[in-house]
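The following exercises concern one protein structure. Please examine the sequence and the coordinates before working through the solutions.

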Amino acid sequence: MALRYDTPSLTRWNARAYDSSFGYVSAQGEPLIELLDPCPGERILDLGCGTGVLTAEIAARGAVVTGLDGSPTMVEAARVQHPGLTFVIGDAAGFSVTEPYDAVFSNAALHWMARDPDAVIRCVRAALAPGGRFVAELGGAGNCAALTSAMLTAWREYGLPEPELPWYFPTPAEYALRLEKGGFTVRLLEYFDRPTPLDDCPGGAADWVRMFAGSLLDGVPPAVVEPLLRRVNELAAPALRRESGWVADYVRLRFAAVRA
Ligand SMILES: C[S@@+](CC[C@H](N)C(=O)[O-])C[C@H]1O[C@@H](n2cnc3c(N)ncnc32)[C@H](O)[C@@H]1O
């Protein structure tokens with residue numbers, strides 16, 4: 001197997017913190033594997049595979065799976081944790097393959113590929129054999145709205161420039177249209193709320209911001225970071241803090257499409 005890809009420019013990922021405090025992301029991907037329904041011997045590409053937890057689950061079903069991710073730290077962690085599997089560093093918006101896949105799978109990654117979603121869909125289509133499946137879940141419109149609204153307000157209150165949020169959270173109609181225009185037949189599309197307990201985030205919303213929006217903190221003066229994040233927590237608490245702890249306001253878009 002050979003993949004060609006452009007050099008990605010991506011958010012830095014803390015693979016260790018991702019697995020220890022945000023393991024829910026891949027754990028919640030299990031139903032997506034059921035939807036993928038990988039068969040023994042099938043060639044499957046896990047796009048934006050992260051540390052490879054779901055890549056390994058797919059491999060355990062007997063499929064021949066490759067994980068592709070733009071983050072060298074995530075790929076390194078994936079290779080250490082799953083030494084028998086193949087992981088490559090690549091940009092989902094600029095890769096090509098030499099041997100087609102039966103399916104492309106992607107969990108919690110497409111919304112990070114915000115620069116050119118159509119390029120991602122084009123690459124996926126080109127990577128698939130005729131009739132190949134594209135099965136994925138991403139953040140949908142309104143995903144983490146209370147979290148991001150608290151961030152934007154806190155940034156404004158501290159007189160900081162409005163941060164450019166790095167995600168793309170499409171509506172179901174918008175993404176279905178992209179898939180259809182990109183040469184796919186949409187067989188299933190679900191759009192649903194998934195309130196998610198941040199059980200391993202003692203710092204609450206601030207921990208989420210550090211993990212998923214850490215790059216936005218780069219432009220913040222170091223002395224301001226802690227008070228800014230405390231303010232994010234204060235602002236987000238009415239919507240997201242329950243007696244049992246913090247609950248993030250995730251909204252997901254899950255689909256299964258077939259290369260037309
Ligand atoms: C939230 S993680 C999800 C990881 C994994 N799929 C899971 O379920 O745990 C998102 C992943 O998408 C990757 N990613 C973001 N943009 C990418 C791009 N343009 N090309 C390849 N990978 C990308 C990130 O490096 C990160 O590992």
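Four exercises with worked solutions follow.

The model is predicted, so that local features require pLDDT of at least 70 and side-chain atom pairs count only at pLDDT 80 or more, while totals for chains, interfaces and linings use all residues. Residues are numbered from 1 along each chain as its sequence is written, and side-chain values use heavy atoms, with hydrogens and water left out.

**Exercise 1. Characterise the overall fold dimensions and composition of the protein.**

Step 1. The protein has 11 helices and 10 strands; these are DSSP runs numbered from the N terminus, helices being H or I with at least four residues and strands E with at least two.

Step 2. For 260 residues a compact globule would have a radius of gyration near 18 Å, and the value for the protein, 18 Å, agrees. The radius is taken over C-alpha atoms, and the globule rule is 2.2 Å times the number of residues to the power 0.38.

Step 3. Of the 260 residues, 54% are buried, where buried means under 20% relative accessible area, exposed over 50%, and partly exposed in between (1.4 Å probe, protein chains only).

Step 4. Among contacts with a separation of 6 or more, 78% come from residues 24 or more positions apart; contact means heavy atoms within 4.5 Å.

**Exercise 2. Describe the surroundings of Asp46 and state whether it is buried or exposed.**

Step 1. Asp46 belongs to strand S2 (residues 43–47).

Step 2. Asp46 is buried and has no salt bridge, a salt bridge being a side-chain nitrogen of Lys or Arg within 4 Å of a carboxyl oxygen of Asp or Glu. The nearest side chain of opposite charge is that of Arg252, 13 Å away; Lys and Arg count as positive and Asp and Glu as negative, with His and the chain ends not counted.

Step 3. Beyond neighbours within four places in sequence, the contacts of Asp46 include Leu54, Val65, Leu68 and Phe105.

Step 4. Leu68, in strand S3 (residues 64–69), is buried, with a relative accessible area of 1%.

**Exercise 3. Analyse helix H9 (residues 205–212): how many of its residues are buried, and against what do they pack?**

Step 1. In H9, 7 of the 8 residues are buried, among them Trp208, Met211 and Phe212.

Step 2. The buried residues of H9 pack against helices H1, H2, H7, H10 and H11 and against strand S10.

Step 3. Asp207 forms a salt bridge with Arg210, the closest N and O atoms being 3.7 Å apart. The two residues are 3 apart in H9 and therefore separated by about one helical turn. Asp207 is buried, whereas Arg210, at 38% relative accessibility, is partly exposed.

**Exercise 4. Which parts of the chain does the salt bridge of Asp91 and Arg115 link, and which does that of Asp118 and Arg178 tie together?**

Step 1. The search of the whole structure yields 14 salt bridges.

Step 2. The side chains of Asp91 and Arg115 meet at 3.0 Å, N to O. This pair links the loop between strands S4 and S5 to the loop between strand S6 and helix H6, the partners being 24 residues apart. Asp91 is buried at 12% relative accessibility, and Arg115 is exposed at 66%.

Step 3. Asp118 and Arg178 form a salt bridge at 2.8 Å, N to O. Asp118 lies in helix H6 and Arg178 in helix H8, so this pair ties together parts 60 residues apart in sequence. Asp118 is partly exposed at 32% relative accessibility, as is Arg178 at 21%.
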